[in-house]
Amino acid sequence: MPLNIVHDGNGFSRIILTEPTGSSAEVLLYGGQVVSWKNERREELLFMSSKAIWKPPKAIRGGIPVCFPQFGNLGSLEQHGFARNRLWSLDNDPSPLPPTNNQSSVDLILKSAEEDLKTWPRSAGKLTLIPRVRNMDSKAFSFTFALSNYLSVSDISEVRVEGLETLDYFDNLARRERFTEQADAITFDGEVNRVYLDTPTKIAMIDHEKKRTFVLRKDGMPDAVVWNPWDKKTKTVPDLGVEDYKTMLCVDSAAIETPIVLKPFEEWKGRQELSTVSSSYCSGQLDPRKVLHGFH
């Protein structure tokens, strides 16, 4: 399927991927960032801030930004590294990937002196991103990484995150002190900013009001970040609307606790799949264990 590249009034070039079912995704060359993912009913599944700044060099608040080669402020670089506010390009000579069954895909590349980061978004009932980092230098380097998934939810106070119970996490609101999750699911009644460690390959985000469950499957990224700024913190973030926190949830695929080390000419590859399933969990009809272990 030929790529549809659109140049909008903000000066951003975006690639639009569509499927016969009606689902679609939009990817910016700026930041290699997915900014829209819609299902076959044209419902938007990703959150975008009502005050997002669509002007370089500011990173765009929402969608799925790429955090590389540093997550957060855990290093000497700018917040979340430089990949999310650099201009990417189409890769005319991509590394081979398994067959995609004619599903819509695009291969983007970000080149610099030391890194080669590739991301393939794909939309056909699920959104798949495959980040790759290749060390083209004669010296080893290390990095941390995250795909920040801004998910659109009906009401954050009605959302549950399942699959992270009993795990250790760093609490960024308590100077990264380490705790163990005691609840049977993560729910939200205030600001949450945590890095969960050694997480499973599947995590479920259950939206009771919409009766919809996001399922996150990931490989090569052992950690998961859970974030919602709540009302007080939101007021300090200039590119978030004061009510935006109510309809957003970030659950990130990440490699943070143990930085990834690449020797000369080695390559690292991760994988993330986001999908949705209809759920009636709020009426007791959905067994969350099936979400985590049984849906494909």
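Colleague: What makes strand E18 and E22 count as a pair, and how many bridges join them?

Modeller: In this predicted model, eight bridges join strand E18, residues 212–219, to E22, and the two run antiparallel. Pairing requires at least two bridges between two strands, and therefore eight bridges satisfy that definition. Within this pairing, phenylalanine 214 stands opposite threonine 276 in E22.

Colleague: Which way do strand E9 and strand E22 run, and how many bridges join them?

Modeller: Strand E9 (residues 126–129) and strand E22 (residues 271–278) run antiparallel and are joined by four bridges, so the requirement of at least two is met here as well. One residue pair to look for in the structure is lysine 126 with its bridge partner in E22, serine 275.

Colleague: Why is asparagine 135 called buried?

Modeller: Its relative accessibility is 0%, and buried means under 20%, so asparagine 135 falls on the buried side of the cut-off. Asparagine 135 lies in the loop between strand E10 (132–134) and strand E11 (141–147).

Colleague: What lies 3.3 Å from a polar atom of the side chain of asparagine 135?

Modeller: That is the backbone oxygen of lysine 263. A polar contact needs a pair of N or O atoms within 3.5 Å, and the distance of 3.3 Å is therefore inside that limit.

Colleague: What makes strand E1 and strand E4 the edge strands?

Modeller: The open sheet has four strands in the order E1-E2-E3-E4, with antiparallel pairing. Strand E1 (4–7) and strand E4 (34–38) each pair on one side only, and that is what marks them as edges. Direction ignored, neighbouring strands of this sheet are turned by 20° against each other on average. E1 pairs with strand E2 (residues 13–18) in the antiparallel sense over four bridges, and valine 6 has arginine 14 as its bridge partner in E2.

Colleague: How many residues has the largest nonpolar core, and which have the most contacts inside it?

Modeller: The largest nonpolar core has 53 residues, and those with the most contacts inside it are Phe143, Val161, Phe188, Met205 and Leu249. Strand E20 (residues 248–262) gives the most to this core, namely five residues. Another core, of nine residues, lies apart from it, and includes Cys67, Val195, Leu197 and Ala254.

Colleague: Which residues does phenylalanine 143 touch, not counting residues up to four places away in sequence?

Modeller: Phenylalanine 143 touches Phe68, Pro69, Val133, Pro259, Ile260, Leu262 and Trp268 on that count. In soluble globular proteins, nonpolar side chains tend to be buried together.

Definitions and conventions. Residues numbered from 1 in each chain as written. Predicted model: local features only at pLDDT ≥ 70, side-chain atom pairs only at ≥ 80, totals over all residues. Heavy atoms only, no water. Core = buried A, V, L, I, M, F, W, Y, C linked by side-chain atoms within 4.5 Å. Buried < 20%, exposed > 50% of the residue type's maximum accessible area, 1.4 Å probe, protein only. Contact = heavy atoms within 4.5 Å. Polar contact = N/O pair within 3.5 Å; in protein donor to acceptor, adjacent residues only side chain to side chain. Axes fitted to C-alpha atoms, helices over the stretch in contact; angles between N-to-C directions.
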